[in-house]
Amino acid sequence: MKKTLLAVRALMSVPKDNPGLVKAQYSALARQLPMMYFILLVNTLLLAGTHFAVAPRWLVVYCPAVMTLFGVIRTVEWIRTRKQTRSPAQMLTALKRTNMLAPFVAVAFTAWSLALFPYGDGYTQAHVAFYMAITVIGCIFCMMHLLPAALATTAVVNTAFVVFFASTTIITFVATAIDVLLVSIAMLVILKVQYADFTRLVNMQAHTAKLSEENLHLANQDSLTGLANRRQFFSRLDTLLARAREQETRLAVGLIDLDGFKPVNDLYGHSVGDRLLYQVGQRLTGLLDDDTHLARLGGDEFALIITQPMSDDQLRTFGEKVCASMREPFLLVDIPIQISASLGIATFPDQAASATEVYEYADYALYQSKRHRPGTVCLFSAAHRQQLNREGLTEQALRRADLNDEFHVVFQPIVELGSERTIAFEALARWQSPELGNVSPSEFIPIAERVGMVNRLTVPLLGKALEAAASWPAGMRLSFNLSAHDCGSEDAAQQIVELIKRSPFDPARIDLEITETAAIQDLPQTQQAIRRFRELGCGISLDDFGTGYSSLSQIHALSLTKLKVDRTFVTHIDADPASFKIVKSLIALCQDMQLECIVEGVETAAELAALKNLGCAWAQGYLFAKPMPASEIGAWLEGEQLARAKAV
Ligand code: C2E
Ligand code: CA
Ligand code: CA
């Protein structure tokens, strides 16, 4: 019994906890109820018309007038709501009101029509029966999306109809009553089924909408960090840039790349790497306000869109804050993990004019930061733009260049300080471009690396260096610079190995120079390449030492034979106590690790004196000689011999 009551209650109430269904019901009713009132009122007026001459005035004029007024008011109300947006609560109230009104309206219209029955002849009586039977069907169809109202109306009108007409004892009306009874039952069944279908359909639509919303969210989210992903970053950038353009405000894009993430991944495994990325995301989120949007673009690359207009200085300060926070250790395993982050920032509209440009310029600024001052922020500037243009030209010329003809090598002596004797020459590339003139290797090597051409350059250059070195006195060594890509690919290393094998120059007299940054980019592959060069008998020098981020364990893993201390530590070593201390400890480190130590970039006699003081054994620099063509080496060595002979 209780169950039945509950079922009836559920059937007769509006679903409060299903806003989707309420909305669907509301919009169906807003469409259909004006139509219902139109049918009801026209039929009512027609019935009043057929009874006008025979029934009392209050029944054919006043009652229909009141009913028409009510119907018109409700119609206007429903039509007006179509144009307004209603809150779910307002819609629910409207549905409840309709539910409540339905039985009263049904009673009023039924009572009125039955009150007309005694007047007139058989035709007018038949009109009353027809009016009730058919109008109620029209009304129920119009209200079918609000089951309680439809059911209440059916119950009131049809019960009254059946009871009233069955009791008239006029056989035609009794038959009509039976007819209406059957139709009512059928309508009740159909109404219930139809309403269930409608509810299911609306719920299904809501479910599908929710799913597609979830899908959209997932497609725009980075699953590891929970941040926006690359896709969302670019679509957000488009939107925010369009807004900045419209409002004529400044917008900045920052690209962050972690330094030292790969070694963490290699050393501790991917799960620690993943947790590190998550923590980086969290730490960055903590630094940002609502005007800055953070995304993970992939790997160890993050991106920022800063919509709050900031000056260059403010951006730099903000960038330094980001970099400083990334230098704080991360606690993931038993020891704290230390990484850093490089950040490149570009601004719209002063530097970049479009979304693509602002991203590319930020990427370029990031590249500059990584190359020159890793772990710091770099703001894209007008000078960068000029550089970028020049690089564009250089890249074009490089792609067109005849690599055998336009490139050659020059040689810079490496001197043994004790004996003042040249013991080796470092080969340095030179490019004489017919379009651009002389281009420095610091300019074209990075471009060749970026466009993947550097291996094609290394082979002819090494060939030329080996050819020149073949005529050197016995024991004289050759140093040759390799780029990251030469060691980072199996094929490239193989080509170098084959070339050295083919050359008559003794591989044991070759030192291959690699840089720290190159080595740690792909440590396992670099180790593999080094192993092959070492098997040939070549030495391996770590170039530009001190400028990168390699740890002692990484250096150890490389099986090196020499370290080259970067020029930046040597400049003013005689006057700068900090440089002096660094070089001193680097020389001590080499002694401990049994590596030969060459100090680069010695320019003054004072620097040389300071180095000698520190026990430095080998050096290279303009003080001894600038890089010279192969043809001048013979004369240089002779000159050196003469000078020694004179000294003796
Ligand atoms: P690096 O390997 O550190 O070479 C030393 C650079 O310092 C050379 O510049 C050399 O001319 C310069 N240098 C030598 N002594 C002094 C000095 O006392 N003072 C100053 N200010 N500079 C000095 P260069 O020839 O312009 O080469 C620049 C860089 O380009 C090289 O730096 C090296 O990283 C790269 N490079 C040069 N040749 C090759 C090559 O054949 N292959 C590859 N992969 N890279 C090369
Ligand atoms: Ca070098
Ligand atoms: Ca160097």
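**Exercise 1. Strand β11 and its partners**

Find which strands pair with β11 in this predicted model, and say in which direction they run.

Solution.
Step 1. Start with strand β12 (residues 510-515). Four bridges join β11 to β12, and the two run parallel. Check one position: F480 stands opposite L512 in β12.
Step 2. Turn to strand β9 (residues 421-433). Four bridges join β9 to β11, and this pair also runs parallel. Here F425 stands opposite L478 in β11.
Step 3. Ask how covered β11 (residues 477-481) is. Four of its five residues are buried, so the strand is mostly covered; buried means under 20% relative accessible area.
Step 4. Recall the principle. Strands of a sheet pair through backbone hydrogen bonds, either parallel or antiparallel.

**Exercise 2. An open sheet**

Give the strand order of the open sheet of five strands, then name its edge strands.

Solution.
Step 1. Read the order: β2-β3-β1-β6-β7. The pairing is mixed.
Step 2. Look at the ends. β2 (292-298) and β7 (377-379) are the edge strands, since each pairs on one side only.
Step 3. Add the twist. Neighbouring strands are turned by 20 degrees against each other on average, direction ignored.
Step 4. Examine one pair. Strand β1 (residues 251-259) and strand β3 (residues 301-306) run antiparallel and are joined by six bridges. L255 has A303 in β3 as its bridge partner.

**Exercise 3. Two packed helices**

How are helices α2 and α3 oriented to each other: roughly parallel or roughly antiparallel?

Solution.
Step 1. Take the angle. Helix α2 (residues 19-50) and helix α3 (residues 57-83) pack at about 160 degrees, with axes 9 Å apart.
Step 2. Apply the cut-off. Angles over 145 degrees count as roughly antiparallel. Therefore α2 and α3 are roughly antiparallel to each other.
Step 3. Note the handedness: α2 passes α3 in a left-handed crossing.
Step 4. Sort the contact residues. They divide into 16 nonpolar, five polar and three charged.

**Exercise 4. A calcium site**

Which residues coordinate the calcium ion (ligand 3), and where do D543 and E600 lie in the chain?

Solution.
Step 1. List the donors. D543 (OD), D544 (OD) and two OE entries of E600 coordinate the ion at 2.2 to 2.4 Å. Their spacing in sequence is D-D-x55-E.
Step 2. Place them. D543 is in strand β13 (residues 539-545), and E600 is in the loop between β15 (596-599) and α23 (605-613). The two residues are 57 residues apart, so the pair links distant parts of the chain.
Step 3. Check burial. D543 is buried, at 6% relative accessible area. E600 also counts as buried, at 11%.
Step 4. Look for a second ion. The calcium ion (ligand 2) is 3.9 Å from the calcium ion (ligand 3), and D543 coordinates both.

Methods:
Residues are numbered from 1 along each chain as its sequence is written. Chains are lettered from A and ligands numbered from 1 in the order in which they are written. This is a predicted model: local features need pLDDT of at least 70, side-chain atom pairs count only at pLDDT 80 or more; totals for chains, interfaces and linings use all residues. Side-chain values use heavy atoms; hydrogens and water are left out. Donors are N, O and S atoms within 2.8 Å of the metal (3.2 Å for Na, K and Ca); water is not among the atoms, so sites may look incomplete. Buried means under 20% relative accessible area, exposed over 50%, partly exposed in between (1.4 Å probe, protein chains only). Axes are lines fitted to C-alpha atoms, for helices over the stretch in contact, and angles run from 0 to 180 degrees between N-to-C directions. Angles under 35 degrees count as roughly parallel, over 145 as roughly antiparallel, 65 to 115 as roughly perpendicular and the rest as oblique. A crossing is left-handed if the near helix is turned anticlockwise from the far one by less than a right angle, and right-handed if clockwise. Ala, Val, Leu, Ile, Met, Phe, Trp, Tyr, Cys and Pro count as nonpolar, Asp, Glu, Lys and Arg as charged, and the others, Gly among them, as polar. Two strands pair if DSSP finds at least two bridges between them.
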